[in-house]
Each structure stands twice: as structure tokens, then as C-alpha cells.
Amino acid sequence: MAYSEKVIEHYENPRNVGAFPKDDPTVGTGMVGAPACGDVMKLQIKVNAQGIIEDARFKTYGCGSAIASSSLVTEWVKGKSLDDALQIRNTQIAEELALPPVKIHCSILAEDAIKAAVKDYQSRIAGAAEVGHERV
Ligand code: FES
Ligand code: FES
């Protein structure tokens, strides 16, 4: 199948590939898999004291569309609040990358990954508050 130019561009120059240390309390990690094809996406956000996502990383074992979707999303979340990051919809990703119908699930993977990362971060904060730890 033919990939759109934007998919190819992100695929050839993926932004923010890599990982943050998992034990960093300012990091939220989302790991999701696509049942349709078995591809796996790991997306991490780094959140500052103001609750703004200041950086993001991803590692995706999957097709070009999944890699492009995660690359795009790591760019989109930077500078966003957690709430705003949760507003990102797979349809926006699919539209930006001009994904064909069979590749829509790749963009859903990216939406799910960012949601999972935010949730992970929020549960860490809640956990830290419970045991009375101060966050820096
Ligand atoms: Fe082949 Fe996703 S189905 S990489
Ligand atoms: Fe399954 Fe792209 S994530 S084909």
C-alpha cells in the first residue's frame, strides 16, 4: 500500500524516539498493543511542576503508520496540559497523516498510548500523595 508523504516523512525522521527512565516520578508511561496486528507502542511523557508536558518519547514496534502516528503525537503533546493531551483524537492524527481506512487503528494506538501515559502519570501523583511524598 502507498503511504502518504507525511507518513513517510515521520517514518524517515521520527521525532522523539527513545525512552525516559521509568523510575523518574515526573514521567508517565503508556504501553498499548493493537489486537488487529500485534503492533506495540510505548509512549512516555515528562511533566513539569506546572502540570505541563514538557517532553515526550516513544518506541513503536509496528508499521510505518504507527511509527508516524506516535512521532506526530509526541510533537503535539509538548507544551500541552494533561487535560489538553487527553483531547487528542485519533481522527485528528489520521487526518494529519492522511491514513487510509485500514490504517486507522494505527492512529487509535497513538491516542490510546497518550491516554495511558497520562493515566500512569496521574496514578503516580496520587500514589505519591497518599504516602505523603512531596514532588519536586
Ligand atoms: Fe504489520 Fe502492523 S500489521 S506492522
Ligand atoms: Fe497495526 Fe499499523 S499499528 S498496522
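**The nonpolar core and the overall fold**

In this predicted model, the largest nonpolar core takes in 31 residues, and the ones touching the most other members are Leu43, Ile45 and Ile114. Several elements put two or more residues into this core: the strands β2 (40-47) and β3 (53-61), along with the helices α2 (64-77), α3 (82-86), α4 (90-97) and α5 (104-130). The top contributor is α5, which hands over nine residues.

Ile114 gives a good idea of how these pieces come together. Once its neighbours within four places in sequence are set aside, Ile114 is in contact with Gly30, Leu43, Val73, Val77, Ala85 and Ile88. One of these partners, Leu43, is itself among the core residues that touch the most other members.

Stepping back to the whole chain, the protein is built from five helices and three strands. Going along the sequence, they come in the order α-β-β-β-α-α-α-α. The radius of gyration works out at 15 Å, close to the 14 Å that the globule rule gives for 136 residues, so the protein is as compact as a globular protein of that length. As for its extent, the C-alpha trace spans about 55 × 25 × 25 Å along the principal axes.

Two more numbers round out the picture. Of the 136 residues in the protein, 35% are buried. Contacts across the sequence also come into play: among those between residues at least 6 apart, 63% join residues at least 24 apart.

Key
Residues numbered from 1 in each chain as written. Chains lettered and ligands numbered in written order. Predicted model: local features only at pLDDT ≥ 70, side-chain atom pairs only at ≥ 80, totals over all residues. Core = buried A, V, L, I, M, F, W, Y, C linked by C-beta atoms within 7 Å. Buried ≥ 20, exposed ≤ 12 C-beta atoms within 10 Å, placed from the backbone. Helix = DSSP H or I, 4+ residues; strand = E, 2+ residues; numbered from the N terminus. Contact = placed C-beta atoms within 7 Å. Rg over C-alpha atoms; globule rule 2.2 N^0.38 Å.
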